[in-house]
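Q: Could you take me through the reading of a model like this one, feature by feature?

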Amino acid sequence: MRHPGASLRRTPCLALIAATAWLGAPLAIPQEPSAGGEPSRVVGPPRGSALAGEALTARAEEVAGLLRCPVCQGLSVADSPATMAVNMKAQVKDLLARGYDQEQILVYFEHSYGEFVRLEPPLRGVNWLVWLGPVMALAAGAAVVAWTLRSRRRAAEEPLAPLPGPDTLPDDPKLARHVRRVRELAYGWPHGRPPESSS
Amino acid sequence: MSEGDVSEAKPRPFNQRVLLVGLVVVAPLVAVLTMNLGRNPHVIASPLVGRAAPDFGLRPTGGSEPVTLASLRGRPVVLNFWATWCVPCFEEHALLVSAARALGARAHFIGVIYQDGEDEVRAFLARQGSAYPSLVDPGSRTAIAFGIFGVPETFFIDAEGRIAAKHVGPLDASSLEAKLRLSGLAP
C-alpha cells in the first residue's frame, strides 16, 4: 500500500519536469525519423496557400529578412549578397510558391542550422530572458527611482526636531548642572535660567 | 551670533544592500561570460547530429545517374562538402583520398561540391587524384539541408543513415579516425 505522502512529494518533482520541458522547448521541432532534404519530411505538407507573381516576390523578401545568412554574420538572407544567401532566398521563394507558410519555412531552416538561423529569437525557453530582460530591468530601475523619490519626499515632509531652546537642559543631571553654570557665567542668568522663565 | 557647528560627521557604514544588489546583477553576467570563454563563436553545434541525415539524390561530376543517400545505407558514409577555391579543402583532399582507398568497401566516401563549377572540379580531381564521386548540388539545396556554414564541413553518417558526427574545417588523420569510429567503423 502506498504511503499517503507519496503523491504530495511527487508534486515538486512534476513541477521540475514541467519546468525542464518548458526550458527544453527549443527542441520542439519535428524529431526523427522525419529528417530529410525534402521540406515536407521536416515540416509536413504545406499549410498556407501557394503564392505567385508580385505577392510571392514581396513575401519572399519578408521571410528571407527573418533568416540569418550563415556565411555573413549579422546580415539577413534578404540583405546579403553572398551566394549562399541568394540560394537560401531562392529556396524560400520556392517554398512559398509551393504553399509553405512562414513558420514552416523558418522551422525547415532551423532544422538544419539551429536557432542561429532565426534573426529574431523565438519566444520560448531561455529566450524569454532576451525579450523580457530589458523590460524587467527597466521596471526594476523605475521601482528604485520611485522608491528613492518617495523616501526623499517623506523625509522632507517630516517635521524637524525642535531646536534646543534657552530653557532646554540635558537629561543628565550632572551635565545639566554644568550647562546652567555656563549660562549663569556667560549670560548673567541667575541659576542659569533665562530671565523670562525665572520670573 | 553663531552657535557653532554642532552637526556630527557620522561615518557611513559599508552599504551591504547596495553590495548585494550589485552582486545579483553582476554575478550572472560574469558566470555567462566565463562559461563561454572557451567557446568558438564561429562554431555552432549542428542540430542534425544524432538525427537521420537529410536524403539527397545528386548526380556526380561527369555522370548522369543520381547518387542517393538511401542507396548508401548499410555502410558508414563520409560526406565531405568542398570546393576547389577553398584552401583547407585542398589540404585535406589527399588524406580523404588515401583513407577512401585504404578503407575500400568498408565505407562510402562522397564529396558534395559547394558553390563551384563542374569543370573546375573535374580539372582539380584529374590533377590531385580522386577515389570517390563528387556530387553537383544545384542551388546548394543539399548544403542548406545539412546546414553548411562554409567549407570544408564533413558529416559522418552511420550505416543506418543517422548523422554520427560533424567536422568543421580541414580533417587531420586523428580526427578522421576518431569520427569514423563514431560512425560505427571498427578500427
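Q: Where does A:His191 lie?
A: Bear in mind that this is a predicted model. A:His191 sits in the loop that joins α7 (173–187) to α8 (195–198) of chain A.

Q: What is the sign of phi at A:His191, and is the residue buried or exposed?
A: For backbone angles, one looks at the sign of phi together with the residue type. A:His191 is not a glycine, yet its phi is positive, at about 60°. Its surroundings are read from a neighbour count: because 12 or fewer other C-beta atoms within 10 Å make a residue exposed, A:His191, which has 9 of them, is exposed.

Q: Which residue of chain B, in the loop between β4 and α3, can be read in this way?
A: That residue is B:Gln115, placed in the loop between β4 (108–113) and α3 (118–128) of chain B. B:Gln115, also a residue other than glycine, has a positive phi, near 50°, and with 18 C-beta neighbours inside 10 Å it counts as partly exposed.

Q: Which peptide bond is cis, and what is its omega?
A: Here the angle to read is omega. The bond that runs from B:Val151 to B:Pro152 is cis, with omega near -5°, and B:Pro152 belongs to the loop between α4 (141–145) and β6 (153–157) of chain B.

Q: How many helices and strands does chain B have, and in what order do they run?
A: A fold is read first as a list of elements and then as an order. Chain B has five helices and seven strands, which follow one another from the N terminus as α-β-β-β-α-β-α-β-α-β-β-α. Of the contacts in chain B with a separation of 6 or more, 70% join residues 24 or more positions apart, and 32% of its 187 residues are buried.

Q: Where in chain B is confidence lowest and highest among the elements, and over which residues does pLDDT stay under 50?
A: Confidence is read for the chain, then by element, then by residue. Chain B has a mean pLDDT of 89, with 92% of its residues at 70 or more; helix α1 (residues 16–35) has the lowest mean, 89, and strand β3 (residues 77–82) the highest, 97. Over residues 1–6 of chain B, pLDDT stays under 50, and the model has zero contacts for them beyond four places in sequence.

Q: How many residues does each chain bring to the contact?
A: An interface is read from each side. Chain A brings 18 residues and chain B 22 residues; on the chain A side, α4(A) gives the largest share, six residues, and by class that side has nine nonpolar, eight polar and one charged residues. For the complex, the predictor gives an ipTM of 0.80 and a pTM of 0.68.

Conventions:
Residues are numbered from 1 along each chain as its sequence is written. Chains are lettered from A and ligands numbered from 1 in the order in which they are written. This is a predicted model: local features need pLDDT of at least 70, side-chain atom pairs count only at pLDDT 80 or more; totals for chains, interfaces and linings use all residues. Two residues are in contact if their C-beta atoms, placed from the backbone, lie within 7 Å. Helices (H or I, at least four residues) and strands (E, at least two) are DSSP runs, numbered from the N terminus. Ala, Val, Leu, Ile, Met, Phe, Trp, Tyr, Cys and Pro count as nonpolar, Asp, Glu, Lys and Arg as charged, and the others, Gly among them, as polar. A residue is buried if 20 or more other C-beta atoms lie within 10 Å of its own, exposed if 12 or fewer, and partly exposed in between; C-beta atoms are placed from the backbone. pLDDT is the predictor's confidence in each residue, from 0 to 100.
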